[in-house]
Structures are given as C-alpha cells and as structure tokens.
Amino acid sequence: MGTGIDRAALILVAVVASAGCDTREDEGEAPPTFRDVQQLVFTPKCSQASCHSVQFHAGDLILEEGMAYEQLLGAVSNQAAADEGLVQIAVGEPEDSFLWIKLDRELEARHGAVMPLGSNDGLPDADLDLIRRWIAAGAIND
C-alpha cells in the first residue's frame, strides 16, 4: 500500500502524461487529408464559376480539384499579404497561412473580405477545424 506522497506522484505523472493528448490525432483519429479539404470545402464552397475557378480565378487562386494543391503550397498571395511575406499555406502553421487568415472571422481590413465571399459568418466551424488541422498536420497532399 502506497503512501499519500506515492499517490500524489502517480496523479501528477498521469496529469503530465495526458496534457499533450487532447487532439483527435492523439486519440487515434488520422489527421485530415487534402482530399478531405478538397471534397468537403474547396469543391462545394470555393471553386464555383464565379469564385476560385479556372474561369474566374478570384485573387489569382484556383481551388478546383487537380489544381488547388499546387496553387496553395508555397504560393505567395497577390494581396497585401505578399508585402507581409505571407504564403497561402505555411506548412504546420495555420495562423501564418494566408488561406487561414482569409477564413478567420476576425479578418483585418487590410487582408480583404472573409471567405467565402458573401457569407455573413464565414465557413462553418467544422470546415474551419478541418482546414486548420490539415495545415497543422503538415498540409500533405494525398
């Protein structure tokens, strides 16, 4: 039978060990894939004819399937963000990615309008979480 100190030490070890285990990836869920982002967000919500399509390419960005990944990775925005040295996707760093900044509901005026354009509230939380987790996990093209 352990002492009170032993029990306290075990509780402390358990708390410290679990501190970094609050993400879905740590719970066994695979990180989102680019295919998820494309199919669930870009195709239905961003690449319509009047937005980020081959025909219109708003902001010089095409988010159609087969083109979106190369348009995003390492690409520099043509907007004020370029002056700040921001790229569309900063791998592993959602908050430093211009794509994420454009989706942020608290977008600063110098970065233009919140995407998707014309939406009062931006993308749903689930879509935002998917994109944030994909970027944070390395923005891998699958």
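Which residues gather in a patch of negative charge on the surface? They are Glu93, Glu95, Asp96, Asp104 and Glu106. For this purpose, Asp and Glu count as negative and Lys and Arg as positive, while His and the chain ends are not counted. A patch takes residues with over 30% relative accessible area and no salt bridge, and it joins like charges within 9 Å, or nonpolar side chains (Val, Leu, Ile, Met, Phe, Trp, Tyr) within 5 Å. The place of a charge is NZ of Lys, CZ of Arg, CG of Asp or CD of Glu.

Before I go on, two remarks on the model. It is a predicted model, in which local features need pLDDT of at least 70 and side-chain atom pairs count only at pLDDT 80 or more, whereas totals for chains, interfaces and linings use all residues. Residues are numbered from 1 along each chain as its sequence is written, and side-chain values use heavy atoms, with hydrogens and water left out.

Let me turn to the overall architecture. The chain has 6 helices and 0 strands, and from the N terminus its elements run α-α-α-α-α-α. Helices (H or I, at least four residues) and strands (E, at least two) are DSSP runs, numbered from the N terminus. Of the 142 residues in the chain, 32% are buried. Buried means under 20% relative accessible area, exposed means over 50%, and partly exposed lies in between, with a 1.4 Å probe and protein chains only. The chain exposes about 8,500 Å², of which carbon and sulfur atoms supply 56%; these areas come from the Shrake-Rupley method with a 1.4 Å probe, and for residues only the protein chains shown count as cover. Among contacts (heavy atoms within 4.5 Å) between residues at least 6 apart in sequence, 44% join residues at least 24 apart.

To return to the patch, one of its members, Glu106, sits in the loop between α5 and α6. Glu106 counts as exposed because its relative accessible area is 71%.

Next, the salt bridges. Side chains of opposite charge can pair when their charged atoms come close. A salt bridge here is a side-chain nitrogen of Lys or Arg within 4 Å of a carboxyl oxygen of Asp or Glu, and the structure holds 8 of them. One of these pairs Glu29 with Arg133, whose closest N and O atoms are 3.7 Å apart. Why does this pair tie together parts that are 104 residues apart in sequence? The reason is that Glu29 lies in the loop between α1 (4-18) and α2 (34-45), whereas Arg133 lies in helix α6. Glu29 is partly exposed at 39% relative accessibility, while Arg133 is buried at 10%.

A second salt bridge joins Asp125 and Arg105, at 2.7 Å from N to O. This pair also links distant parts of the chain, with Asp125 in helix α6 and Arg105 in the loop between α5 and α6, 20 residues apart. Asp125 is exposed at 53%, and Arg105 is partly exposed at 41%.

A third example is Arg110 with Glu108, where the closest N and O atoms are 2.0 Å apart. Finally on this topic, salt bridges that share partners join Glu29, Asp129, Arg132 and Arg133 into one network.

Which residues, then, surround the buried positions? Gln88 belongs to the loop between α4 (80-83) and α5 (98-103), and Gln88 counts as buried because its relative accessible area is 7%. Setting aside neighbours within four places in sequence, the contacts of Gln88 include Leu61, Gln71, Leu72 and Phe98. Asp127 lies in helix α6 and is buried at 9% relative accessibility. Not counting residues up to four places away in sequence, Asp127 touches Leu40, Val41 and Lys45.

I close with the backbone. Most residues other than glycine have a negative phi, and most peptide bonds are trans. In this model, a cis peptide bond joins Met115 and Pro116, with omega about -5°, and Pro116 is placed in the loop between α5 and α6. His57, although not a glycine, has a positive phi of about 35°. Asp60, likewise a residue other than glycine, has a positive phi near 55°. His57 is found in the loop between α2 and α3, as is Asp60. Is His57 partly exposed or buried? At 32% relative accessibility, His57 counts as partly exposed, whereas Asp60 is exposed at 53%.
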